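Hi,

Here is the model I promised to pass on. Have a look at it first, then read my notes below.

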Protein chains: 2
Amino acid sequence: MGILRKTKSVKILLDEFEEQSTAISAITLIERLHLKMNKTTIYRILDKLEDDGFLHSFLGKNGHKWYAKCSGCSSEEHHDIHPHFQCLDCGKVDCLPTDILIPDIPNRKVHVSQILLQGTCEACFN
Amino acid sequence: MGILRKTKSVKILLDEFEEQSTAISAITLIERLHLKMNKTTIYRILDKLEDDGFLHSFLGKNGHKWYAKCSGCSSEEHHDIHPHFQCLDCGKVDCLPTDILIPDIPNRKVHVSQILLQGTCEACFN
DNA sequence: ATATTTACTGCAACTAAGTTGCGTTAAACG
DNA sequence: CGTTTAACGCAACTTAGTTGCAGTAAATAT
């Protein structure tokens with residue numbers, strides 16, 4: 001049901017995503033903010049921000065949860081199904097604007113696609 | 001370092017994948033075989049069968065580990081990077097022969113791609 | 001066929017990400 | 001300022017997967 005009150009904790013988390021355009025894992029946030037708030041709070045707020053269409057989540061390598069800002073989503077619909085790129089050197093995860101074409105598959109209907117690419121990122125490439 | 005001895009447990013696990021062409025999650029195998037072997041053994045054998053190039057693994061929804069037979073892989077190289085399809089109705093997961101084209105991404109080098117499609121499968125479609 | 005070696009197994013205890021219940025705190029609003 | 005209740009912190013839990021170690025059983029040698 002999304003965020004109802006703009007608490008101190010909510011503001012702190014929003015700031016984290018404002019400062020950084022890359023995706024952030026729940027684990028990273030828990031480490032980074034453990035003096036400021038409890039991990040339960042972090043998970044609950046992330047959940048709600050996702051419901052609100054402010055963040056979207058996906059699973060990185062190891063099946064751990066990552067969050068990144070949405071662009072143009074609402075609480076009604078998430079329409080930012082894009083691939084994510086995780087750098088195997090520095091671990092950074094970005095959203096890729098690139099669209100990957102999912103071909104039609106006979107007798108199946110694809111609703112969701114989760115694409116995680118792994119390799120070497122811009123910064124680590126040089 | 002792969003399988004060295006063809007034990008009873010190894011044979012039982014190989015049979016599971018022989019009988020079924022779809023992917024099987026580690027959790028399912030643990031449930032299904034808990035009278036025949038310990039979960040530690042299951043995880044260890046699956047690991048080794050993957051090293052051997054007999055199985056490949058990937059993460060399903062929830063980040064849980066799934067395994068499926070390889071076709072034409074060796075202990076040197078896995079070259080069956082294909083998309084996987086998980087049915088949201090029955091939960092079944094298949095390997096898709098379809099190739100999905102990963103476009104070149106400026107200043108990044110893609111090494112691995114993990115594509116999980118979710119939707120409605122053949123059987124649940126009708 | 002029996003003995004020896006050591007890879008493999010089972011068990012119990014652990015790790016770590018994420019969840020739940022509940023009593024307390026602090027936003028929001030009259 | 002007082003009341004309401006959403007949100008918080010804490011501790012305890014859940015569960016997938018891992019680790020260490022002593023005992024078992026494949027494979028190989030005798």
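What follows covers the conventions, the symmetry and the two DNA strands.

This is a predicted model, so local features need pLDDT of at least 70 and side-chain atom pairs count only at pLDDT 80 or more, while totals for chains, interfaces and linings use all residues. Residues are numbered from 1 along each chain as its sequence is written, chains are lettered from A and ligands numbered from 1 in the order in which they are written, and side-chain values use heavy atoms, with hydrogens and water left out.

Symmetry first. Chain A goes onto chain B with a rotation of 180 degrees and 0.0 Å of shift along the axis, at an RMSD of 0.0 Å (least squares on the C-alpha atoms of residues with pLDDT of at least 70 in both). The two copies are therefore related as by a two-fold rotation axis. Both copies also use the same surface: 100% of the contact residues of chain A recur in chain B (contact means heavy atoms within 4.5 Å).

Now strand D. It has 23 residues around it, and the closest are A:Leu4, A:Thr7, A:Thr41, A:Lys48 and B:Tyr43 (a residue is near a strand if one of its heavy atoms lies within 4 Å of it). Of the atoms of DNA strand D within 4 Å of the protein, 58% are sugar and phosphate.

Some polar contacts to strand D (pairs of N or O atoms within 3.5 Å):
- A:Leu4 has a backbone N or O atom 2.7 Å from a phosphate oxygen.
- A:Thr7 puts a side-chain N or O atom 2.7 Å from a phosphate oxygen.
- A:Thr40 has a polar side-chain atom 3.4 Å from a base nitrogen.

The largest share of the surface near DNA strand D comes from α3(A), with 5 residues (helices are DSSP runs of H or I, at least four residues, numbered from the N terminus).

And strand C? Of its 23 surrounding residues, A:Tyr43, B:Leu4, B:Thr7, B:Thr41 and B:Arg44 come nearest, and sugar and phosphate make up 59% of the DNA strand C atoms within 4 Å of the protein. Here B:Leu4 has a polar backbone atom 2.8 Å from a phosphate oxygen, and a side-chain N or O atom of B:Lys48 is 2.8 Å from a phosphate oxygen. A:Thr40 turns up again, with a side-chain N or O atom 3.4 Å from a base oxygen of DNA strand C. On this strand α3(B) gives the most, 5 residues.

Cheers

Definitions and conventions: A polar contact is a pair of N or O atoms within 3.5 Å; within protein, one must be able to donate a hydrogen and the other to accept it, and residues adjacent in sequence count only if both atoms are side-chain atoms. Helices (H or I, at least four residues) and strands (E, at least two) are DSSP runs, numbered from the N terminus.
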